[in-house]
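Subject: Structure handover

Hello,

Here is the structure I said I would pass on. My notes on its pockets, helix packing and internal space come after it.

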Amino acid sequence: MEANPRSTGRLPAAFLTPGSSSFMDFLADHSPELLPGKRTLPPLQGAIEAPHGTTIVATTFPGGVVLAGDRRATMGNMIAQRDIEKVFPADEYSAVGIAGTAGLAVEMVKLFQLELEHFEKVEGAQLSLEGKANRLSTMIRSNLGMAMQGLAVVPLFAGWDVDREKGRIFSYDVTGGRSEEHGFAATGSGSIFARGSMKKLFRDDLTEQQAITLVVQALYDAADDDSATGGPDVARRIYPIITVITDEGFRKLTEAEASETARSVLDRRLEQPDGPRAALL
C-alpha cells in the first residue's frame with residue numbers, strides 16, 4: 001500500500017517535477033485557490049474600502065533607469081498609512097512599483113518574484129527583460145475579475161536590459177495591456193501631475209543623480225496637486241523610496257541618500273514653490 005505523502009511529510013512527486021517554467025501555471029495546476037485572481041469574493045455590500053497605493057514614477061538615463069514611489073496609502077479620503085513601501089526588486093536587474101489596491105499589489109509582487117526565481121531555477125537562465133514584462137502582464141490580466149470589482153492593481157515595471165544594454169520602462173492597464181514608455185513614465189492617482197513635471201525636466205543626457213532629482217521633483221509636484229500622494233515628510237523622516245537599476249544590478253538608495261536629495265529639492269522650493277522653470281524655446 002502506497003504511503004500517504006501527508007502522513008510521511010513528503011511532497012507528492014508532481015511537486016518535485018514541475019512540467020512548466022511558469023510558477024503561476026504550476027500553482028494553477030496544484031493550488032489554484034492561492035492565486036489572487038482565483039479567489040471568490042463575498043457579495044458586495046456597497047463600495048469596497050481598502051488601502052490604495054498612489055504614485056509611482058520612473059525615468060531612464062544613459063546608464064540605467066530610476067524607479068521611485070511616494071510613501072502614502074489612502075482609504076477613501078483618509079490616510080491609511082504614511083510610510084508604505086511601493087517599490088520592490090523583481091530580480092537582480094529589474095524592479096516593480098505598485099499602484100492600486102495595496103494588499104493585492106504586494107501579494108502580486110511576491111508572486112512575480114517567485115515566478116522569475118522559478119523560471120531561473122528550472123531553465124538555468126534569466127528571462128529577458130521583455131519576457132519579464134510579458135509575465136507581469138499575464139499576472140495583471142488574471143486579476144481582471146477583481147479589478148472589475150474595484151480591486152485593481154496597476155504597476156510600473158523597469159529594469160536594465162542586458163541584451164540591449166539600456167534601461168527600459170513598461171506601463172500597464174488593468175486588463176494587462178502593456179506599453180513600453182520611452183524616457184519617463186508615471187502611474188497612480190498623481191501620475192498626470194508627475195508626468196507633466198517630468199515632461200518639462202527630462203533630457204536624454206541626464207546623469208544618475210540628475211535622474212534621481214528628477215523623480216523627486218515629479219513626486220513633489222504630484223503631491224502638490226494630488227491629495228492621495230505624499231510628499232517628503234521631514235518631520236517624520238519619511239522620504240520617497242528610490243531605486244536605481246544599472247548594469248551592476250538593482251540598488252535601493254539608503255534613507256540618508258534619499259533624504260539628502262529630498263531636502264535639496266525642498267530647500268529650492270522655498271525659493272521657487274512651483275519648481276524649476278523650463279525654457280520656452
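The largest pocket has a volume of about 300 Å³. Please keep in mind throughout that this is a predicted model. The pocket's lining is made up of 14 residues, and those nearest its centre are L201, T213, L214, Q217 and P276. Two elements, α8 (208-225) and α9 (255-271), each give two or more residues to that lining. By class, the lining of the largest pocket has 5 nonpolar, 6 polar and 3 charged residues.

The second largest pocket holds about 240 Å³ of space. It is lined by 13 residues, with S197, D221, D274, G275 and P276 closest to the centre. Here the elements that supply two or more lining residues are α7 (191-201) and α8. The biggest contribution is that of α7, with 5 residues. The class count for this lining is 4 nonpolar, 3 polar and 6 charged.

The two pockets can be read together. P276 is among the residues nearest the centre of the largest pocket, and P276 is also among those closest to the centre of the second largest one. Helix α8 likewise gives two or more residues to the lining of the largest pocket and two or more to that of the second largest.

Next, the packing of α7 against α8. Their axes are 8 Å apart and meet at an angle of about 140°. Angles over 145 degrees would count as roughly antiparallel, so this pair is classed as oblique. The crossing is right-handed. On the α7 side the contact consists of F193, A194, S197, M198 and L201, and on the α8 side of L214, Q217, A218, D221, A222 and D225. These contact residues divide into 7 nonpolar, 2 polar and 2 charged.

Several of the contact residues turn up in the pockets as well. L201, L214 and Q217 take part in the contact of α7 with α8 and are listed among the residues nearest the centre of the largest pocket. S197 and D221 also belong to that contact, and both are among the residues closest to the centre of the second largest pocket.

A second helix pair is α4 (residues 102-123) with α5 (residues 129-142), which pack at an angle of about 135° with their axes 11 Å apart. This pair is therefore oblique too. The crossing of α4 past α5 is right-handed. From α4 the contact takes M108, L111, F112, E115, L116 and F119, and from α5 it takes K132, R135, L136, M139 and I140. By class there are 8 nonpolar and 3 charged residues, with no polar ones.

Last, the enclosed space. How many cavities of 30 Å³ or more are there? The count comes to 1. The largest cavity contains about 30 Å³ of space. Its lining consists of V96, I98, A105, M108, V109, L136, V153 and P155. The largest share of this lining, 3 residues, is from α4. In class terms the lining has 8 nonpolar residues, no polar and no charged. Two of the lining residues, M108 and L136, also belong to the contact between α4 and α5.

Regards

Definitions and conventions
Residues numbered from 1 in each chain as written. Predicted model: local features only at pLDDT ≥ 70, side-chain atom pairs only at ≥ 80, totals over all residues. Heavy atoms only, no water. Axes fitted to C-alpha atoms, helices over the stretch in contact; angles between N-to-C directions. Helix = DSSP H or I, 4+ residues; strand = E, 2+ residues; numbered from the N terminus. Parallel < 35°, antiparallel > 145°, perpendicular 65-115°, else oblique. Left-handed = near helix turned anticlockwise from the far one by under 90°. Contact = heavy atoms within 4.5 Å. Nonpolar A, V, L, I, M, F, W, Y, C, P; charged D, E, K, R; others polar. 1 Å grid on protein atoms, 1.4 Å probe; cavity = no way out; pocket = protein on both sides within 12 Å on 5 of 7 lines; lining within 4 Å. Points joined across faces, edges and corners; volume = space filled by probe spheres on them.
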